[in-house]
Each structure stands twice: as structure tokens, then as C-alpha cells.
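Q: Please take a close look at one helix of this chain. Which of its residues are buried, and what covers them?

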Amino acid sequence: MKDKKIKEKQKSTAKGIMLFLVGLMVNNFSTLLGGNEAGDFLSGLMGGISIGIMILGIYVTVKSFFKKRDDGGIDED
């Protein structure tokens, strides 16, 4: 039971870190666009989306660190 909780916490942390890294990649790709009006618009849109993805990744990671354990039952060790 304890191992299952640890694995769930690790999964959640890994998802948060991956979201943050995807946000960084989208931000780097947004700098490739530009030069005309449509490109500038898409570059700004991708920049905004990347910031949102990074904030979501940080939130998921921090939330996984502060997950409360349900220790109300009998320990099976």
C-alpha cells in the first residue's frame, strides 16, 4: 500500500516536470517564428501558451510534493 502511494507521487512529479520541459520546448520553438505579421502573432501565441504550460507543470510538481498521506488505516508492513 505504501509503495503504491509512493509510485503515484512519483508519477505526478514526473508529469509536472515533463509539462515544464514541454513548455520550455514550445517557448524555444516560438522564437523560430516571426518576421511578418502572421509569424509575429503565432510567435506571441506560442510564447503565451508556453508560459501557461510551464506554470501548470510547476503547479503539478509542487502539488505532488505536498500531497497528504492517508495514514488513518492499518499499516500492512
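A: In this predicted model, the buried residues of helix H2 are Gly 39, Ser 43, Gly 47, Ser 50, Ile 53, Met 54, Gly 57, Thr 61 and Ser 64. What covers them includes helix H1. The helix itself, residues 37-65, has 29 residues and reaches 43 Å from its first C-alpha to its last, close to the 42 Å expected at 1.5 Å a residue.

Ser 50 is one of the residues on that list. Its relative accessible area is 0%, and because buried means under 20%, Ser 50 counts as buried. Apart from neighbours within four places in sequence, Ser 50 is in contact with Gly 23, Val 26 and Asn 27. Of these partners, Gly 23 and Val 26 are among the buried residues of H1.

The partner helix can be described in a similar way. H1 covers residues 2-30 and has 29 residues. From first C-alpha to last, H1 reaches 42 Å, close to the 42 Å expected at 1.5 Å a residue. The buried residues of H1 are Ser 12, Thr 13, Gly 16, Gly 23, Val 26 and Ser 30, and they pack against H2. The covering is therefore described from both helices: H1 is included in what covers the buried residues of H2, and the buried residues of H1 pack against H2, where contact means heavy atoms within 4.5 Å.

Ser 30, which lies in H1, gives another view of the packing. Ser 30 is buried, with a relative accessible area of 3%. Leaving aside neighbours within four places in sequence, Ser 30 is in contact with Ser 43, Met 46 and Gly 47. Ser 43 and Gly 47 are among the buried residues of H2.

Other residues of H2 are partly exposed. Leu 45 lies in H2 and has 43% relative accessibility, so it counts as partly exposed. The C-alpha atoms of Leu 45 and Ser 30 are separated by 8.3 Å, with the two residues 15 apart along the chain. Leu 42 also belongs to H2; at 40% relative accessibility, Leu 42 counts as partly exposed. Both leucines take part in a nonpolar patch on the surface, formed by Leu 33, Phe 41, Leu 42, Leu 45 and Ile 49. Together these residues have about 460 Å² of accessible area.

Val 62 is found in H2 as well. Its relative accessible area is 39%, so Val 62 is partly exposed. The C-alpha atoms of Val 62 and Thr 13 are separated by 7.9 Å, although the residues are 49 apart along the chain. Thr 13 is among the buried residues of H1.

Some totals for the chain give the setting. The secondary structure comes to two helices and zero strands. Buried residues make up 19% of the 77 residues in the protein chain. Of the contacts with a separation of 6 or more, 73% are accounted for by residues 24 or more positions apart. The accessible surface of the chain comes to about 6,300 Å², and 66% of it belongs to carbon and sulfur atoms.

Definitions and conventions
Residues numbered from 1 in each chain as written. Predicted model: local features only at pLDDT ≥ 70, side-chain atom pairs only at ≥ 80, totals over all residues. Heavy atoms only, no water. Helix = DSSP H or I, 4+ residues; strand = E, 2+ residues; numbered from the N terminus. Expected span 1.5 Å × (residues − 1). Buried < 20%, exposed > 50% of the residue type's maximum accessible area, 1.4 Å probe, protein only. Patch = residues over 30% accessible without salt bridge, like charges linked within 9 Å, V, L, I, M, F, W, Y side chains within 5 Å. Areas by Shrake-Rupley, 256 points an atom, 1.4 Å probe, with all protein chains shown as cover. Salt bridge = Lys/Arg side-chain N within 4 Å of Asp/Glu carboxyl O.
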